[in-house]
Every structure is written in structure tokens, then in C-alpha cells.
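Hi everyone, thanks for coming. Today I'd like to walk you through one structure, a piece at a time. Please have a look at it with me.

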Amino acid sequence: MDGYAVRAADLSSDAEATLAVTGTALAGHPFPGAVGTGEAVRIMTGAPIPQGADTVVMQEAARREQEDVFIPPGQKKGQNVRRAGEDLAAGSIALAAGRRCGPAELGLIASLGIAEVTMRRRLRVAFFSTGDELASIGQPLAAGKIYDSNRYTLFGALSRLGCELLDMGVVPDDPAALEAAFVDASRAADVIITSGGVSVGDADFIRDMMARLGEVSFWKLAIKPGRPMAFGRIGGAVLFGLPGNPVAVMVSFYQFVQDALLTLMGVAPLPPAGRFAVRAGFAMRKPAGRVEYLRGRLQHDGAGPCVTLAGAQGSGVLRSMSEADCFIILPEDCTGVQAGDIVSVQPFNGLA
């Protein structure tokens, strides 16, 4: 606070105190002397507390006449003073290993006068889409073709994590082309992420290719959308084979892949991102046996907070992901939801 640096011992609890102003302390320009009995120093925000003073009375509470200042009763010892070490005590840990460096962390490092710190390098992630039906943006669409969206979704999600990205484009449903892409990616990256080609169709080669070139740790998840998902290794790279449907890609990435990438980055494990219970503003049936991730919107309907469905819930309806602000998570044993039931939601703004 801008005000007066004083000795609390000179103040009264029930009467006004009169003190002689002996100088000024400015930010960057400390008062060179000491505050003695019956004295005060005019002080500005950011200035060091003069020797002998222990309290600052803000200027709005004081009355100044010539070289005297009058301090009203009721001031508290130590008020309006920031003590050395109250932010970070000497010898304590400023940032523990496993912390991501965001704006606050960068500022903290700078406040300690540290110009360089040891960091893990950025995780290198190679990603590509598979499928003869896919065209990249800028190409004309031939009959039976659609534009690839999964690479751009993954680009956005991976960029938010700060990964070093290797976009390998669209790889056709051709075993030789897929093998070449996998070999190149495994040599260049720490992690490989693919979309499409992990189901059981005649042109789904990813799982078999992973098994031949490396290993498959698991395949298929009891979730909807996103059942077909392969995880394993090729060479020194960890590989995630995600489904082809756009919403299934996002669900499997945020529920499984992102935490794995953060662990590989050295980030300390995080709790499930911001899940909480809220009242359902919709009704639907659900078969038991799989955890289902619906796209929802949090709102207030007059009776309190609730969540509604954000459009059609098909695994190819990417627009509903754009219109949603949370996942509605229905557990494996759930067989349906009635309006008013309590459901678990996971807001998107806690995912990255």
C-alpha cells in the first residue's frame, strides 16, 4: 500500500497517534535510515520496509499536516506488509519435478532470477489417417471420397499439449504403404497415432501390421463410441491405433491417449479432469456392457444446473462435439437415463 511505514509500538488502540515524517521510501529507492520512536516514513507500494518499521498505514487512513502524520486508532501490527519468504521460503521446492511450465510457472522461475532450467524435450508424435476414401483439404472430392478431419482434430489436441508434431498425411489402405509409414514413423517419433483401420473389415490392416512389426498390448475397449482401439509398440515408439469415426477419435484420445502422453512427457499423474454430478435434462435408453460418452451441454433450466444432449449422438457427427461443452459419462451397468436422474459429466475445459 502507499502510506506510512511506522512502528506498531508507537500506535494507540484507542487514540490518534502523532508521528514525525522523516523521509520517503520509493520502489527501487529504499529509505537509507531507520524509523525511530515517534517517527514515520512516507512509503510507496513496492518499496522495502525501512529498518525499525513493522507496519504500513495506508494513506487513505492517515491525515498529513506539514511534517506530521496523524494515525487513527485500530491499526494492526504487520498490516499491509509483504514479508520476505511468504511466497517461497528459503530452502523449499519452487517447482517439483513433473510440473508443466505454464504462465505462472514461467513467472515464478523468472521471479527467482533463474535464466535456465532443465526441462524434458518435447514429445515427438507422428500421426496419420488411413483409408482409400479420404482426401486432404485442398484436393477435389472424387466419387466415394470424404475429407479427412481426424488429422486436424489430432493436430489441435496435440498442439495444446505442446508436442512436436510430424503430420504424415493420409495413408491408403495398402499394406506396403502402411508398413512404410509405420517404419518411418517409428524411426522419427516417440509416439505414433493413427486413425482408422483398426476394426475387423477386409481393409482394416492396422492391428495385424502392429503385431507383425512390433506388439499389440490390447485391442478393443468396452466404450461407446471408440470400441476398436489398438495399443502397442513398433520399434522404440508407442503406438495408438484409434478408430476412424471422428467422435470416437476424440473420445478415445481424451479418455486414454492424452494421459499416456502426459506421462511420457514426465508430467505428474493428474486426477480425472473435473468430473462432477449434475441433473439430467434428457431421457434415453442404453444397453448395458459399455461405458458410453455422450456429448452434452451444461445449462440452468430454472430448477438448477442440468445437462442436455448436444445434438445427434452418432459417432460420425462431429458437429455435436463442436456444440458440446462436456462429456456425459454413463457407466457400464447403466441401462438408461430419465430426466431428473443424476449423471456424471466431464467439462471440456478441464481436458487440456
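Let's begin with strand β11, which is mostly covered: 5 of its 5 residues are buried. Keep in mind as we go that this is a predicted model.

Which way do the residues of β11 point? Val191, Ile193 and Ser195 point one way, while Ile192 and Thr194 point the other way, and all of them are buried. If you are new to strands, here is some background: in a regular strand, side chains alternate between the two faces of the sheet.

Now for the partners of this strand. β7 pairs with β11 in the parallel sense, over 5 bridges. Within that pairing, phenylalanine 127 stands opposite isoleucine 193 of β11. β11 also runs parallel to β15, and 5 bridges join these two. Here you can find serine 195, whose bridge partner in β15 is leucine 242.

Next, let's talk about what is packed inside. As a general point, nonpolar side chains tend to be buried together in soluble globular proteins. In our model the largest nonpolar core has 35 residues, and the ones touching the most other members are Leu158, Ile193, Phe240, Phe253, Leu261 and Phe327. You have already met Ile193, as one of the residues of β11.

Where does this core come from? At least two residues each are supplied by β7 (124-130), α2 (150-161), β11 (191-195), β15 (237-242), α5 (246-265) and β20 (326-330). The largest share, 10 residues, comes from α5. And why does the core lie between two domains? Domain 3 (124-265) and domain 4 (276-347) both give residues to it, so it lies between them.

For a closer look, pick out phenylalanine 327. Leaving aside neighbours within four places in sequence, phenylalanine 327 is in contact with a whole list of residues, including Val251, Tyr254, Gln255, Tyr293, Leu294 and Met321. Further along the chain, the contacts of phenylalanine 327 include Ser344, Val345, Gln346, Phe348 and Leu351.

Apart from the largest core there is another one, of 17 residues, with Leu178, Ile192, Ile206 and Met209 among them.

Let's go back to helix α5. Is α5 largely enclosed or open? Since 15 of its 20 residues are buried, α5 is largely enclosed by the rest of the structure. Try following the helix by eye: at phenylalanine 253, α5 bends by about 50 degrees. After α5 comes glycine 266, with a positive phi near 95 degrees.

On to the cysteines. How many disulfides does the structure hold? The count is 0. Take cysteine 163: the closest cysteine sulfur belongs to cysteine 101 and is 15 Å away, too far for a bond, given that a disulfide needs the two sulfurs within 2.5 Å. Cysteine 163 is buried, with a relative accessible area of 5%. For cysteine 326, the closest cysteine sulfur is in cysteine 306 at 10 Å, again too far for a bond. Cysteine 326 has 0% relative accessibility, so it counts as buried.

Now a few backbone details, which are fun to hunt for on screen. The peptide bond from lysine 224 to proline 225 is cis, with omega near -5 degrees. You will find proline 225 in the loop between β13 (223-224) and β14 (230-234).

Glutamine 66 has a phi near 55 degrees, a positive value in a residue other than glycine. This glutamine 66 sits in the loop between β5 (63-65) and β6 (68-71), and at 70% relative accessibility it counts as exposed. Asparagine 80 also has a positive phi, near 60 degrees. Look for asparagine 80 in the loop between β6 and α1 (103-111); it is partly exposed, with a relative accessible area of 33%.

One more loop residue: glycine 340, between β21 (336-337) and β22 (342-347). What does glycine 340 touch, not counting residues up to four places away in sequence? Arg279 and Ala280. The C-alpha atoms of glycine 340 and alanine 280 are separated by 5.2 Å, though these residues are 60 apart along the chain.

Finally, let's step back to the domains. The domain assignment gives domain 1 (3-71), domain 2 (93-122), domain 3 (124-265) and domain 4 (276-347). Taken over C-alpha atoms, the centres of domain 2 and domain 3 are separated by 32 Å. Between these two, 4 residues of domain 2 are in contact with 10 residues of domain 3.

That's my tour, thanks for listening!

Key:
Residues numbered from 1 in each chain as written. Predicted model: local features only at pLDDT ≥ 70, side-chain atom pairs only at ≥ 80, totals over all residues. Heavy atoms only, no water. Core = buried A, V, L, I, M, F, W, Y, C linked by side-chain atoms within 4.5 Å. Buried < 20%, exposed > 50% of the residue type's maximum accessible area, 1.4 Å probe, protein only. Helix = DSSP H or I, 4+ residues; strand = E, 2+ residues; numbered from the N terminus. Domains from an automatic or database assignment. Contact = heavy atoms within 4.5 Å. Bend = angle between axes of the 7 residues up to and from the residue. Pairing = 2+ DSSP bridges.
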